[in-house]
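Colleague: I have just opened this one and would love a friendly tour. Could we go through it with questions and answers?

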Amino acid sequence: MARQAIILHEGSPGPKELGLSRILDFFNVPWKPVDAFELTDFQRSSPDYAIFGSVQAVATALRQRQEANAAVFYAYADNERGPCVRAIRSLFGDAKLSLQEASAGNLSVCISSDLLDIAGPMAGLNVSLQLRSEDAVLIGAPVGEASMFATIISAAGAPVFLRFQQEGVSVFLCTSSQMIDIDEPVGQGFYDVKDHFCSVVPLIMFIRFMFQGVAWHPQELGACLIIDDPLLRPQYGYCNFVKLRDLMRRHGFTTNIAFIPWNWRRTSPVDGDFFRNESKLFSVSIHGCDHTAGEFGATSLAVLHARAGLAQSRMRNHQARTGIQHDSIMIFPQGIFSSPCPEVLKRNNFLAAVNTEIIPVDSPNARTRIRDVWDVAIMTYGDFPIFTRRYVFHGLENFAFDLLLGKPCLIVAHHDSFKDGGAALIELIEKIGSLNCCLRWRPLGEVIRRACRRRANAAGSEDVEMYSNELLIDNPSDQPIKVKIRWKKSQDDLVSKILCDEKPVTWTTEVEQLVFGERIPSHSEKRFRVVCQEQAYAGKVRRSLRFELSVAARRFLSELRDHYLSRNRFLSVPADRLRSVLRKAI
C-alpha cells in the first residue's frame with residue numbers, strides 16, 4: 001500500500017491536477033506534484049507512493065523509467081481523444097486498443113465481484129445509467145485468463161475502469177476525462193453518484209484501496225432505518241410495529257421512529273412498555289416540534305430558538321411520562337431547514353440532525369458543496385452535523401457509494417412503505433446487507449455517536465475527526481492506543497468542559513478546532529462529550545390560541561389520512577388530496 005501520492009503534470013499542473021489534489025486532501029492523502037519527465041529522479045527517494053496522471057503524462061513517465069522497480073499508476077483519459085488513444089496504445093503496447101463514445105441512452109454498468117479489495121462495497125453492482133460526454137469505453141482489450149487486463153467496471157460489456165499488470169508495473173486506467181471539482185455546489189435534492197459515476201467511482205475505489213494506511217477511514221459503518229411521523233402505538237397507518245419488530249429480528253436491522261413532539265401526551269402506558277422493552281431494536285428521535293409546514297425553514301432566530309426549545313421540553317416530558325429514552329437528533333419535517341437553523345440546534349444541545357434534503361430552503365445562503373455531502377456529515381452550517389439519509393428509490397448504488405466514502409447508511413421510510421408488507425424496504429435492506437462491507441445496525445443515536453473518521457499518524461497514535469458533540473471510540477485491538485481528537489468549533493461556541501467517561505479532560509485550540517486526547521485500553525471503548533455553556537436567547541415568540549388549534553387540527557387530520565383514509569382503497573384518492581391540502585397549510 002502507498003503512503004504518498006504523486007500528481008504528474010507536463011509543464012505545470014492543470015485544472016484536473018488541481019481538482020485531484022483537492023480530492024486527495026479530502027481523504028488526507030499527502031501528495032506532491034512532479035513533472036512527468038522528472039519522475040525517475042523522484043522514484044529513487046520516495047518508494048511508498050502511487051502515481052496519478054493523465055494517460056499521456058503516465059505514458060511519458062513510463063518511457064523515462066530506467067529501473068524495473070514496482071510502481072502503481074492511476075491514469076485518466078485526456079480531453080483530446082486522438083492523442084489519448086495513441087498514448088494508450090503506447091502505454092499498453094497494443095495497437096488494437098481504442099476509445100469510443102458509449103451508446104446513447106441508459107447502459108448496464110457492471111462492477112466486478114472478483115476484485116473485492118478494490119471495489120469495496122460496490123463490488124458486484126449492476127447499475128443502469130447514461131454515460132456523460134466526457135466518458136468513453138475501451139475497445140479492443142484482450143480478455144481471458146492469460147490477459148494482463150482485469151476489468152473492474154464495464155459499460156455495456158466494454159471496460160471503463162481496468163487494471164493492467166506487467167513487469168512489476170500496475171496501471172489502473174479510467175476512460176473518463178472528467179475530474180470532478182468537489183468544491184462545486186450541489187444541485188437541489190440529493191447527491192446522485194450516477195451523475196459522475198464513471199469518473200468518481202474508479203477514483204474513490206483506487207484511493208480507498210491504495211492508501212489504507214494514511215487516508216481517513218470510518219470507525220465503523222453504522223446503519224439504521226428511520227420512519228417519520230408515527231405515534232407510539234401498535235399500528236400507525238400501514239406500519240404494524242409488532243410485525244416490524246419481527247422483521248427486524250429476522251433480518252437483523254434496527255428502526256428509529258422520528259416522533260413528533262406535539263404528540264408527547266399521547267403514548268399510553270401499555271404502548272410505552274412495548275417500545276421501552278424493545279429499545280435495542282426501536283429508538284426514538286425528534287421530528288420537528290409541531291410538524292407544521294416548513295417550521296424549521298424560518299430564518300428568525302427567535303422563532304427557531306422557541307421551536308427547538310419547545311421540542312426538547314416536550315420530549316423530556318414524554319420521557320418522564322413513559323420512560324422511553326430518546327436521542328436529541330432532529331429529523332426536519334418535509335426535509336426543510338434554513339441556513340441559521342443548524343446553529344440554533346447546536347445552541348439547544350441537539351446531538352445532530354438527519355435529513356434527506358441537503359440544501360437549506362433560503363437558497364441564496366446555500367453553501368453545500370460536493371465535498372460536504374461526501375463527508376461523514378455536512379458541517380457547513382454552524383459547524384453542526386447534518387447526516388444525510390436516502391429513500392429506497394435513490395438506488396442501491398447510492399447507498400453503496402456512501403459506504404465506500406465511509407458515511408453511515410440511513411434509510412428513510414413512512415408508514416406507506418409497509419403497504420406491501422415492507423417488501424421493497426426489506427429487499428433493499430437485504431441487498432445492503434449483502435454488500436462487501438461490515439455493516440453495524442444500531443439505534444440511531446449510537447450510529448451518530450460512533451460516526452467519525454480515524455487514521456494512524458506518524459507518532460504511533462490515531463487522529464480522530466469528531467462530528468457530533470458526543471463520540472464513542474472503541475479499541476478492538478490487543479494493545480492500548482492513544483487518540484488525538486479534533487472537534488470543529490464555530491467562533492461563538494462557549495465550551496465549558498470536555499468529558500471522557502464523565503471525567504474532565506484538558507484541551508487546546510488549533511485553527512477553529514478543539515484538540516484533546518486520551519489513552520484507550522485494549523478491547524474497550526470510551527465516551528467523549530463536549531459540553532457548551534447554555535446561551536439563553538432573549539427573544540420570545542407568542543403562540544396564539546388560533547395557532548394552537550390549527551396545529552391540533554393538522555395533526556388529527558394527518559392521522560385520519562394515514563391511519564384510515566389511505567388504507568381504504570375507495571378513500572385513498574381523497575386521502576392523497578387531503579395530503580396535498582395539509583402540505584399547503586400552516
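What follows is a conversation about helices, ring pairs, a sheet and the nonpolar cores.

Modeller: Before we start, this is a predicted model, where local features need pLDDT of at least 70, side-chain atom pairs count only at pLDDT 80 or more, and totals for chains, interfaces and linings use all residues. Residues are numbered from 1 along each chain as its sequence is written, and side-chain values use heavy atoms, with hydrogens and water left out.

Colleague: What distance does helix H9 reach from its first C-alpha to its last?

Modeller: Helices (H or I, at least four residues) and strands (E, at least two) are DSSP runs, numbered from the N terminus. H9 covers residues 301–322, which makes 22 residues. The expected span of a helix is 1.5 Å times one less than its number of residues. That gives 32 Å for H9, and the model comes close to it, at 31 Å.

Colleague: Which elements do the buried residues of H9 pack against?

Modeller: Buried means under 20% relative accessible area, exposed over 50%, and partly exposed in between (1.4 Å probe, protein chains only). The buried residues of H9 include Ala302, Leu304, Met315 and His318. Contact means heavy atoms within 4.5 Å. The packing partners are strand E16 (255–259), helix H8 (269–277), strand E17 (282–286) and helix H10 (341–347).

Colleague: Which residue follows H9, and what is its phi?

Modeller: Look just past the end of the helix, where the phi is positive. The residue there is Gly323, with a phi near 80°.

Colleague: How are the rings of Phe92 and Phe164 arranged: stacked, edge-to-face or tilted?

Modeller: Rings of Phe, Tyr and Trp (its six-membered ring) pair if their centres lie within 6.5 Å; planes under 30 degrees apart count as stacked, over 60 as edge-to-face and the rest as tilted. A search of the whole structure finds 27 such aromatic pairs. For Phe92 and Phe164 the centres are 4.8 Å apart and the planes lie at 55°, so the pair is tilted.

Colleague: How many residues apart in sequence are the parts that this pair ties together?

Modeller: Phe92 is buried, with a relative accessible area of 6%, and Phe164 is buried too, at 4%. Phe92 belongs to helix H4 (residues 81–92) and Phe164 to strand E10 (residues 158–166), so the parts tied together are separated in sequence by 72 residues.

Colleague: What kind of pair do Trp374 and Phe401 form?

Modeller: Both Trp374 and Phe401 are buried. Their centres are 6.0 Å apart, with 75° between the planes, so by the cut-off of over 60 degrees the pair is edge-to-face.

Colleague: How many residues of H12 are buried?

Modeller: Phe401 lies in helix H12 (residues 396–405). Among the buried residues of H12 are Leu396, Asn398, Asp402 and Leu405. H12 is mostly covered, and the count of buried residues is ten of ten.

Colleague: Which strands are the edges of the open sheet of six strands?

Modeller: Two strands pair if DSSP finds at least two bridges between them. The sheet has mixed pairing, in the order E12-E23-E24-E26-E30-E29. The edge strands each pair on one side only, and they are E12 (217–218) and E29 (508–510).

Colleague: In what sense do E23 and E24 pair, and where is the positive phi in their hairpin?

Modeller: E23 and E24 are joined by five bridges, in the antiparallel sense. Arg454, for instance, has Val464 in E24 as its bridge partner. The hairpin has five residues between the strands, and the positive phi, near 90°, belongs to Gly460.

Colleague: Why is E24 described as largely enclosed?

Modeller: On one side of E24 are Glu462, Val464 and Met466, and on the other Asp463 and Glu465. E24 (residues 462–466) is largely enclosed by the rest of the structure because the number of its residues that are buried is five of five.

Colleague: Which helix gives the most to the largest nonpolar core?

Modeller: A nonpolar core is a set of buried Ala, Val, Leu, Ile, Met, Phe, Trp, Tyr and Cys residues joined through side-chain atoms within 4.5 Å. The largest has 122 residues, and those with the most contacts inside it are Met205, Phe211, Trp374 and Phe401. With eleven residues, the helix that gives the most is H6 (residues 197–210).
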